[in-house]
Amino acid sequence: MGLYLLDYGAGNVRSLANSLTKLGHSFTWISDPSDFAKATSLVFPGVGAFETAIQHLTDRGLLEPLRDYIKSGRPYFGICIGMQVLFESSDESPSKGLGIIPYHISRFDDTNKSVPHMGWNTADLLNIQDDAEGIKESSYYYFVHSFCAKYDHEKYPEAMSWAYTTTQYGNELFVSSVRRNNVFGTQFHPEKSGTAGLQLLDEWLRKPESSHTHMPSITPKSLYPRPEHRFTKRIIACMDVRANDEGDLVVTKGDQYDVREKASPTNALTAKIAGAVRNLGKPVALAAKYYAEGADELCLLNITSFRHSPLQDQPMLAVVRAAAENVFIPLTIGGGIKDTVDPDGTKRPALEVAGEYFRAGADKVSIGSEAVYAVERLRATAEKGKGAIETIAHAYGRQAVVVSIDPRRVYIDPQSYDGPYKNELIYGKPDGPDNERGKAWWYQCTVSGGRENRPLSVLELAKGAEELGAGEILLNSIDRDGTGLGFDLGLIKLVKGSVKIPVVASSGAGSADHFVDVFKTTDAEAALAAGIFHREQVRISEIKDALKKVHINGRELSL
Ligand code: 1PR
């Protein structure tokens with residue numbers, strides 16, 4: 001008897017479990033169809049892809065018991081795919097949903113915006129008087145999805161009577177939560193929505209179960225998109241992690257990817273530390289700190305995993321597990337997401353490696369070197385479907401796959417250049433930094449943390465990664481990394497202009513104004529920094545204040 005959680009074996013369900021534990025609620029996992037009979041409340045944190053969810057539920061004999069459970073009138077809280085399965089069908093899959101809500105899930109239109117809808121947005125109550133579920137219009141919640149239930153009260157009044165809140169992304173209005181009788185569902189992830197999300201979960205779980213069984217529906221009303229949405233730009237704190245010379249995992253930070261201390265000619269003391277891996281703190285402690293300070297997302301990159309990375313020997317898994325216990329915003333994990341072989345010869349496909357990270361509490365995995373090789377293969381053979389990007393995107397949804405790009409500038413003489421990247425050239429500004437003035441360059445992709453150049457340009461990689469199924473691009477710049485000179489705006493504009501998926505601008509942030517610059521000059525959805533946060537040069541709140549001053553939407557912590 002009591003609260004049960006449903007896990008169909010895909011995606012990050014650990015975060016929900018961690019948040020319930022943090023809030024002091026005990027629960028049991030549904031491990032067998034017969035468990036449904038014991039549940040007096042059920043939470044279904046559906047993550048991943050609609051088709052995979054239905055397939056897994058069917059294969060494990062859980063789909064019909066789930067339908068029966070919901071029909072029995074006992075309280076149900078579905079999250080993301082856990083809400084979408086209540087619908088009849090989805091553009092994402094030929095499989096049918098539970099059909100409890102007579103409506104279809106369709107893909108966002110990507111004509112004027114990036115898809116997936118990935119980031120923080122608000123949820124507006126259809127009936128402002130009815131805020132019984134604890135959703136606050138002033139709060140921001142974390143969304144990550146390419147498909148949604150579009151709000152259409154004229155054509156589908158019956159389906160829209162399930163809508164409890166709506167959210168606007170670009171010029172599209174969709175149902176961001178549903179409620180009727182015993183059913184409550186949110187398209188957003190409360191377990192990833194910081195304090196606002198934890199409060200919502202807590203309120204639902206603390207109420208007597210009987211109060212969830214006869215929730216009224218709301219009369220749908222005429223609603224139209226406003227001139228502007230409230231989707232925010234994300235600020236991401238990144239931790240580059242590696243073992244130092246003593247074998248401890250530390251957060252390090254390089255200058256143009258060189259993470260070792262250098263001796264200063266004017267300071268004799270620095271000779272002692274020269275050559276050592278820079279140690280800027282412990283990853284789990286820093287993750288908790290950045291969460292508390294208002295980061296919208298965290299990124300942990302295992303920067304030396306290209307050397308050796310048998311799955312059994314991944315200390316990063318323990319780091320992710322520990323970080324996820326106290327951090328309730330999205331976590332991206334990168335480094336070593338590729339096919340690996342254990343010391344005993346057991347082969348571990350990239351899908352299995354990623355699965356371990358998702359189960360440890362990661363929401364997205366970031367693929368670096370392997371993405372370069374995959375796009376090279378795609379360009380050579382046009383073959384796709386079997387690589388890391390495709391298999392992970394198929395199982396977990398494309399929003400769970402980030403491709404991390406490490407481009408390096410190749411300077412050329414603009415007068416005489418006759419190479420293949422004429423359309424990708426960036427020209428130094430007359431008032432730009434000394435080393436850029438009068439020059440032009442293209443961006444070459446690298447692997448193994450910038451150690452090896454590959455015959456692939458940044459646009460070839462970005463477009464290829466999108467074609468293979470990546471849901472986001474993490475765009476670093478080896479030239480700007482650690483310099484504090486500001487983001488490489490030309491690079492970001494170039495890549496952002498050629499893909500439909502979200503782009504995270506990375507490398508070079510030195511001040512809060514650099515974040516204003518990147519969001520004013522480019523359409524990047526998010527901006528990431530490392531050094532300025534580790535050295536406490538700039539606080540996340542300063543960046544949020546700077547954005548607010550120029551009317552750029554950012555998530556406010558106090559709301
Ligand atoms: O190739 O799939 O194993 O992934 C390895 C990952 O590790 C890639 O995402 C790659 O970018 C990263 N990586 C490898 N070597 C380094 C290094 O620094 N020596 N770090 C490295 C990449 C770039 C950002 C950094 C920003 C912001 N570091 O992560 O955080 O540049 O820094 P800043 O704000 O201080 O300028 P695979």
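**Exercise 1. The loop of Pro-116**

Pro-116 is found in the loop between β6 and β7 (117-121). In this predicted model, determine which residue a cis peptide bond joins to Pro-116.

*Solution.* Step one is to locate the bond: the partner of Pro-116 is Val-115. Step two is to read the torsion: omega of this cis peptide bond is about 10 degrees.

**Exercise 2. The sheet that contains β6**

State which strands stand at the edges of the open sheet of three strands, and describe how β5 is joined to β6.

*Solution.* Begin with the order, which is β5-β6-β10, with mixed pairing. β5 (87-90) and β10 (147-148) each have a single partner strand, so each has one side without a neighbour in the sheet. Next, consider the pairing of β5 with β6 (residues 101-107): the two run parallel and are joined by three bridges. As a point of register, Ser-90 stands opposite Ile-105 in β6.

**Exercise 3. The sheet of eight strands**

Give the strand order of the open sheet of eight strands, and identify its edge strands.

*Solution.* The order reads β2-β1-β3-β4-β13-β12-β11-β8, and the pairing is mixed. The edge strands, β2 (28-30) and β8 (124-125), each pair on one side only. At the β2 end, strand β1 (residues 3-6) pairs with β2 in the parallel sense over three bridges. Here Tyr-4 stands opposite Thr-28 in β2.

**Exercise 4. Helices beside the sheet**

Determine which strands helix α1 lies across, and which elements the buried residues of α3 pack against.

*Solution.* First, helix α1 (residues 14-23) lies across β1, β2, β3 (41-46) and β4 (76-80). Its direction is at about 160 degrees to β1. Second, the buried residues of helix α3 (residues 63-71) are Leu-63, Pro-65, Leu-66, Arg-67, Tyr-69 and Ile-70. These buried residues pack against β1, β3, α2 (50-59), β4 and β13 (183-186). Third, Gly-73, just after α3, takes a positive phi of about 90 degrees.

**Exercise 5. The packing of α11 and α13**

Classify the arrangement of α11 and α13, and describe the residues of their contact.

*Solution.* Two packed helices are described by the angle between their axes and the distance between the axes. For helix α11 (residues 369-381) and helix α13 (residues 458-468), the angle is about 85 degrees and the axes are 9 Å apart. Angles of 65 to 115 degrees count as roughly perpendicular; α11 and α13 are therefore roughly perpendicular to each other. From α11, the contact is made by Ala-371, Val-372, Ala-374, Val-375, Leu-378 and Arg-379. From α13, the contributors are Glu-460, Leu-461, Gly-464, Ala-465, Glu-467 and Leu-468. By class, the contact has eight nonpolar residues, one polar and three charged.

**Exercise 6. Positive phi outside glycine**

Are Gln-256 and His-551 buried, partly exposed or exposed?

*Solution.* Gln-256, in the loop between β15 (249-252) and α7 (270-273), has a positive phi of about 50 degrees although it is not a glycine. Its relative accessible area is 42%, so Gln-256 is partly exposed. His-551 lies in the segment after α17 (540-549), and its phi is near 60 degrees. Exposed means over 50%; at 72% relative accessibility, His-551 therefore counts as exposed.

**Exercise 7. The two domains**

State how many residues of domain 1 are in contact with domain 2.

*Solution.* The protein is divided into domain 1 (3-212) and domain 2 (234-549). Their centres, taken over C-alpha atoms, are separated by 31 Å. In the contact, 29 residues of domain 1 meet 33 residues of domain 2.

Key. Residues numbered from 1 in each chain as written. Predicted model: local features only at pLDDT ≥ 70, side-chain atom pairs only at ≥ 80, totals over all residues. Heavy atoms only, no water. Pairing = 2+ DSSP bridges. Helix = DSSP H or I, 4+ residues; strand = E, 2+ residues; numbered from the N terminus. Contact = heavy atoms within 4.5 Å. Axes fitted to C-alpha atoms, helices over the stretch in contact; angles between N-to-C directions. Buried < 20%, exposed > 50% of the residue type's maximum accessible area, 1.4 Å probe, protein only. Parallel < 35°, antiparallel > 145°, perpendicular 65-115°, else oblique. Nonpolar A, V, L, I, M, F, W, Y, C, P; charged D, E, K, R; others polar. Domains from an automatic or database assignment.
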